[in-house]
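Me: Please take a close look at one part of this model, the second of its chains, and describe how it is built and how it meets its partner. Plain prose will do.

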Amino acid sequence: MSAAVDVVGSTRPGLAETISDWGRRNRWTLALVALLAGFLAFTKLIGPSYGPVQIQGLAIGALPIALAAVAQAIVVISGGIDLSVGSMMALTSVTSAVLMKDQSEGFAVVVVVGVLLLGLVIGAINGSIIVVTRVPDIVVTLAMSFVWAGATLFVLDTPGGGAADWFKGLISGSIVSDWIPRALIVLVLVCGVVWIPLRRSMLGLSLYAIGSNRLVAFRSGVDVGRTKIIAYALTGLFCALGGMAVTASTGAGSPVPGAYTLQSVAAIVLGGVSLAGGRGGIVGPIIAVFILQLVRTDLTFLEVNPNFSTVIQGAILIGVVLFGSVLAMRRVRA
Amino acid sequence: MSAGVGAAGTRNPWLTAEAWRGLFRDRPLIPLLGLLAALILVLELARPGIVSAQWLGVTLRAAIPLAILAGCQTLAMLTGGIDLSVGAVASMAAFVMATLATDLGPGAAIAIGLGAAALAGLVNGVGIGIFKVHPLIMTLGMGLVILGLTSVFQLAMVQTPVDVPDFIEWLGSETTMTFLPNNLLVFVPIAAAIILGLRRSGYGRLLFAVGDNPIAARLAGARVWQVLVALYVISAVFAALAGFLVAGLVKTATIQLVEESVLPSVAAAVIGGTSIMGGRGGYSGTIVGALILTVLTTLLIVLDMPEAARQILFGIIIVAVAAAYTRVTGES
């Protein structure tokens, strides 16, 4: 980023200017942070008992969805969409649960590495099929969601398996203070380790480039096919992380895919990632996941009929996109 | 193309790869029917004697609701959209109809079910056509909203028994002369309306135009938003009719009755040769696609394939057929 600024202006911008520039660029994310803070305050107001334990529960519940959202964000930024996120998470979750059952704690480390590789491979398979056949992303990933769901049933046809103790302990409880859940730290670390170097690399730039304009990216010398496959492989990697988060939080694997595909799409849209590609990041979607989870908690606190919470989730999804497109239309008119 | 023409002069044109490619491109129905015939042949070989008049009736009966839902997808996909709310709309309409039938009588219950579906379609259409919400998001979100509202309705009506009217059961599950399911009475008019509408009516042309190039369509004077609003209302009403037929077939209604047919309906349209990018396709291919999926399901059950293998094969076939289309049409 700073390199781009240097090229445009020969003088270094002042600190105030840098901050205001950063604020403008991250307006959506900042608004989400404010919204999240508002929701937390509101939750505390309507449920005075809301404390560290609930915050830990929130973080554990949000962890797999947040990882699914990051997975979806990467592929949508690169101009695709992956409807097989839920199935890939189910596959990696049951694989880790089956392999860890009745095994030593040390072997679990091998399993974690193996499942991460599995995620990369199945993601790369999705991407390769899209690049080689040139069939639209949505059709391929829809079809592959059947394939991965079927593979999941081969691995495990009824809920079962197990998880190593250290693995379960990784995301439960808190660290340093009661208010900082371990699951949150895991989320930040995992995303930071993968995303920050990626964002600053040539590859990260290429991801955004092929998402915003494939042709221009191609003419600028980006290997579009290779970048697309890598984007899908990274999505697979984050699905593997999400799948293992499911295993760690439940201590077992379930072959029924959760509603993660849908939730991931909702979160990235709310998180400011453009479905047209090329725009957005992963911080927005992660915050969006926490907001959506808090909405669910608040509805329980307010004793709203739980069936209405489905209605409200759908309405939020539509409302956010609607709001976004109304803003975009105004900008065009102005 | 020119190479194919040149080769035709020297060799039998039917033997060149180009001619085959042309066949796939211009008459996709022929290879699709070939695939369907091959599947039926394999089925007969796997279990001799299974293919009979009764089998035909059962297969058609199962394929028809899927074909109607796939019709909704075909129409939406022609404009470059998709309707993932068909499952929720169909289940909702069937559930509302079956719940209200005892108190209000079948006629009023059916009308209310259709009206509720049309309303849901209107919301979809307004979101997609006027507010330019991505169809995938809009219909996924509406699917959630409808599912939630239906379960609220279910709680409110928990005292009322769910009873599918006899007429709907007759329509959905009985067959005439063993091989003609009665649901053809609903399907044939719908199919005729879609096929003739797409080929002959101005509205049909508008659907293709919007999908091919929405900006060009708008500049040519088409009111794109009106086309889209009408499209999603039509789609929801057809979905509701499919929901009634499924309720008649299984003789009960639940709030997620038709949900599992949503992805197969997209698959049937894709196999039938409709492009998800819009502007290319038709309904006759989709009907064959729905038949292929139904026969394939039977075949995999007959072959005693585990559920896992069935899903994997299902996925692979969708990708393979879509890839074949992309190859012959040269689309990217």
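Reply: What follows goes from the whole chain to its helix pairs, then to the interface and a few single residues.

This is a predicted model, in which local features need pLDDT of at least 70 and side-chain atom pairs count only at pLDDT 80 or more, while totals for chains, interfaces and linings use all residues. Residues are numbered from 1 along each chain as its sequence is written, and chains are lettered from A and ligands numbered from 1 in the order in which they are written.

Chain B has 15 helices and 2 strands; helices (H or I, at least four residues) and strands (E, at least two) are DSSP runs, numbered from the N terminus. The radius of gyration of chain B is 21 Å, close to the 20 Å that the globule rule gives for 332 residues, so chain B is as compact as a globular protein of that length. That radius is taken over C-alpha atoms, and the globule rule is 2.2 Å times the number of residues to the power 0.38. Along its principal axes, the C-alpha trace of chain B spans about 75 × 60 × 35 Å.

Of the 332 residues of chain B, 49% count as buried. A residue is buried if 20 or more other C-beta atoms lie within 10 Å of its own, exposed if 12 or fewer, and partly exposed in between, with C-beta atoms placed from the backbone. Among contacts in chain B between residues at least 6 apart in sequence, 76% join residues at least 24 apart. Two residues are in contact if their C-beta atoms, placed from the backbone, lie within 7 Å.

Two helix pairs show the packing inside the chain. In one, helix 3 (residues 29–46) of chain B and helix 14 (residues 283–302) of chain B pack at an angle of about 20°, with their axes 10 Å apart. That angle makes helix 3 of chain B roughly parallel to helix 14 of chain B. Axes are lines fitted to C-alpha atoms, for helices over the stretch in contact, and angles run from 0 to 180 degrees between N-to-C directions. Angles under 35 degrees count as roughly parallel, over 145 as roughly antiparallel, 65 to 115 as roughly perpendicular and the rest as oblique. Helix 3 of chain B passes helix 14 of chain B in a left-handed crossing; a crossing is left-handed if the near helix is turned anticlockwise from the far one by less than a right angle, and right-handed if clockwise. The residues that meet include Leu32(B), Leu36(B), Leu39(B) and Leu43(B) in helix 3 of chain B, and Val288(B), Leu291(B), Val295(B) and Leu299(B) in helix 14 of chain B. By class, this contact of helix 3 with helix 14 of chain B has 17 nonpolar, 3 polar and no charged residues. Here Ala, Val, Leu, Ile, Met, Phe, Trp, Tyr, Cys and Pro count as nonpolar, Asp, Glu, Lys and Arg as charged, and the others, Gly among them, as polar.

In the other pair, the axes of helix 6 (residues 106–130) of chain B and helix 7 of chain B come within 10 Å and cross at roughly 150°. That makes helix 6 of chain B roughly antiparallel to helix 7 of chain B, and their crossing is right-handed. Among the residues in this contact are Ala120(B), Val123(B) and Gly127(B) of helix 6 of chain B, and Met138(B), Met142(B) and Ile146(B) of helix 7 of chain B. By class, the contact has 7 nonpolar, 3 polar and no charged residues.

Turning to the partner, 38 residues of chain B are in contact with 36 residues of chain A. Helix 7 (135–156), helix 13 (262–271) and helix 15 (307–329) of chain B each supply at least two residues of the side that touches chain A. The largest share of that side, 14 residues, comes from helix 15 of chain B. By class, the side of chain B that touches chain A has 26 nonpolar, 9 polar and 3 charged residues.

Gln311(B) is found in helix 15 of chain B. Gln311(B) is buried, with 23 other C-beta atoms within 10 Å. Leaving aside its neighbours within four places in sequence, Gln311(B) is in contact with Phe146(A), Ala149(A) and Gly150(A).

Two loop residues remain. Asp304(B) is found in the loop between helix 14 and helix 15 of chain B. Phi of Asp304(B) is near 65°, a positive value in a residue other than glycine, and Asp304(B) is exposed, with 8 other C-beta atoms within 10 Å. Met177(B) is found in the loop between strand 1 (175–176) and strand 2 (180–181) of chain B. Phi of Met177(B) is near 55°, a positive value in a residue other than glycine, and Met177(B) is exposed, with 7 other C-beta atoms within 10 Å.
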